[in-house]
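Me: I should like to examine how several labels attached to this structure are justified. Please set each value against its criterion.

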Amino acid sequence: MVSRVIPVDPFDLVIFGGTGDLARRKILPGLFRRFCAGQMPPEARIIGAARADISEADYREMVGDAIEEFSDGAVVDQDHLAAFLADLTYVAIDAKGENGWRELAGHMRRDVVRAFYFSVAPGLFGDLAERLNNHGLTDEKSRIVVEKPFGRDLATAQQLNRDLAAFFDETQIYRIDHYLGKETVQNLMAVRFGNVLFEPLWNSQFVDHIQITVAETVGVGGRGEYYDKSGAMRDMVQNHLMQLLCLIAMEPPARFDPDAVRDEKLKVIRALEPVEPHHIVRGQYGADTEDPIAHPDYRTAVADLKSATESFIALKTHIANWRWAGTPFYLRTGKRLVARSSEISIVFKETPHSIFGEEAGRHRNVLSIRLQPNEGIKLGVTIKEPGPGGMRLMDVPLDMTFADALGEEGAENVDAYERLIMDVIRGNQTLFMRGDEVEAAWAWTDPIIKGWQQRNDVPKPYDSHSAGPDAATQLMRRDGREWREVAL
Ligand code: NAD
């Protein structure tokens with residue numbers, strides 16, 4: 001099976017922050033791959049805009065280098081690269097001043113989709129929105145894409161929403177969460193809503209609990225200063241883990257369209273119960289014992305030996321509605337853990353009665369959705385252990401991994417950013433967060449963070465390359481449950 005690539009409409013895409021880390025690592029290499037796949041029409045134009053006063057030739061060279069460096073080991077086709085770079089434009093611009101705006105206006109065309117990617121610090125979002133408006137650069141076809149973090153609490157998120165709403169309608173604002181662009185996250189919705197098998201079981205009657213783990217092996221690296229003001233709760237839980245939780249827990253939307261899906265996600269966030277302090281474990285990683293100089297402990301890495309910011313969090317929460325009453329949701333994320341792994345597991349209840357006797361073993365079905373590495377969906381089913389020796393039960397995975405089912409050609413490897421940028425051009429907001437969703441997520445997060453501050457809560461130390469603090473294991477064990485192993 002060969003995947004179909006449907007070209008998008010002609011567009012002008014301006015990348016503010018076009019020389020930055022995100023643009024070089026993700027946005028531009030992603031656009032190049034869509035170019036190679038034939039999804040960008042010949043009239044498409046990409047304009048990098050950033051503070052650096054560099055020539056167009058220098059910018060093209062920088063982007064060419066970035067595409068080579070961040071091609072994930074794929075061989076870069078030099079003819080395609082030359083053609084892609086030949087159409088690239090660069091404008092030196094000041095988001096806070098007037099420099100460069102007239103030049104940018106001179107590059108924009110009429111009658112094409114205009115998209116503006118704000119790949120800059122959130123402190124510049126309002127300035128960019130205002131200047132785009134003042135310089136007449138936007139029309140009803142224009143869209144803006146904004147990056148995380150979208151605020152650091154409810155008040156700042158509300159302010160950002162107001163800053164953008166002053167110049168753009170909500171239908172023009174694309175708040176990106178790249179987790180929603182992952183193939184498997186969309187496949188989760190296909191599996192859930194495209195089959196009769198799962199939905200009848202998708203509730204507290206049949207589901208014992210749900211766990212979501214996003215584990216990283218890296219530490220804070222060069223982002224220490226930023227990260228220490230944020231922490232795992234703000235950096236990961238409020239956005240990425242929350243979005244995954246919503247897709248698992250939401251009611252079936254009437255249609256797979258932006259507002260139908262986002263209305264259902266919003267209801268989940270609003271139904272989340274406040275988290276009890278003893279249902280949260282925070283941690284800070286220790287130094288790598290093998291190489292403590294290159295990989296120091298968290299506090300050394302962020303240059304604050306008294307830092308109380310968490311690099312790990314595990315928590316238990318509930319959703320107060322008919323479907324999920326009594327079913328715990330366990331969330332866990334952290335840095336410098338034993339493996340890089342993102343997985344959602346729906347752990348079903350045991351059968352009400354075992355006809356095989358205790359010696360055959362009791363098993364639970366687990367639907368696991370792996371976001372990285374090796375994206376895929378597996379359902380653990382119980383069968384008889386083959387061979388003689390009586391009836392003993394064992395688990396085997398039913399593998400629903402797209403690439404395995406359809407072969408290499410069927411599964412074109414489309415990165416989350418590529419998919420989401422193409423959705424922006426198509427005008428499809430389904431996989432983007434709406435303003436009220438982001439605010440509701442902060443409204444749930446804020447009291448938790450305030451509680452830590454009031455109690456002077458100090459994160460527990462945990463070993464580098466471990467599964468986090470032991471208290472996180474105990475959080476589950478107290479309930480007679482176990483985290484699924486963080487392993488490759
Ligand atoms: P960066 O510091 O590498 O790049 C910042 C860019 O903004 C540069 O191109 C710079 O020229 C431009 N800029 C700064 N001040 C400007 C001004 N006054 N006028 C015009 N341009 C100006 O940052 P980054 O890592 O690329 O991150 C960009 C945004 O994306 C941030 O909001 C960040 O939080 C978010 N983000 C980044 C990553 C990542 O992996 N880098 C991941 C998720 C979200």
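Me: What makes the pair formed by valine 120 and the ligand a polar contact?

Reply: In this predicted model, a polar backbone atom of valine 120 is 2.7 Å from an oxygen atom of the ligand. A polar contact requires a pair of N or O atoms within 3.5 Å, so the pair qualifies.

Me: Which distances place aspartate 21 and leucine 22 in that category?

Reply: For aspartate 21, a polar side-chain atom lies 2.7 Å from a nitrogen atom of the ligand. For leucine 22, a backbone N or O atom lies 2.9 Å from a ligand oxygen atom. The limit is 3.5 Å, so both pairs count as polar contacts. Asp21 and Val120 are also among the residues that come nearest to the ligand, out of 20 around it.

Me: Why are strand E1 and strand E4 called paired?

Reply: Six bridges join E1 (residues 11–16) to E4 (residues 113–118), and the two strands run parallel. Pairing needs at least two bridges, so the criterion is met. Aspartate 12 stands opposite arginine 114 in E4.

Me: What makes strand E3 and strand E6 edge strands?

Reply: The open sheet of six strands has the order E3-E2-E1-E4-E5-E6, with parallel pairing. E3 (88–92) and E6 (173–175) each have a single partner strand, so one side of each lacks a neighbour in the sheet. Neighbouring strands of this sheet are turned by 20 degrees against each other on average, direction ignored.

Me: Why is aspartate 111 called exposed, and what is notable about its phi?

Reply: Its relative accessible area is 70%, and exposed means over 50%, so aspartate 111 meets the criterion. Aspartate 111 is found in the loop between helix H4 (101–107) and E4. Its phi is positive, about 60 degrees, although the residue is not a glycine. Most residues other than glycine have a negative phi.

Me: How do you know that asparagine 374 is exposed, and where is it found?

Reply: Asparagine 374 has 64% relative accessibility, over the 50% cut-off, and therefore counts as exposed. It is found in the loop between E12 and E13, with a positive phi near 55 degrees. Proline 373 also has its place in the loop between strand E12 (366–372) and strand E13 (376–384).

Me: What is the omega of the peptide bond from glutamine 372 to proline 373?

Reply: Omega is near -15 degrees, and the bond is cis. The peptide bond from lysine 148 to proline 149 is cis as well, with omega near 0 degrees. Proline 149 is placed in the loop between E5 and helix H6 (154–165).

Key:
Residues numbered from 1 in each chain as written. Predicted model: local features only at pLDDT ≥ 70, side-chain atom pairs only at ≥ 80, totals over all residues. Heavy atoms only, no water. Helix = DSSP H or I, 4+ residues; strand = E, 2+ residues; numbered from the N terminus. Axes fitted to C-alpha atoms, helices over the stretch in contact; angles between N-to-C directions. Near = heavy atom within 4 Å. Polar contact = N/O pair within 3.5 Å; in protein donor to acceptor, adjacent residues only side chain to side chain. Buried < 20%, exposed > 50% of the residue type's maximum accessible area, 1.4 Å probe, protein only.
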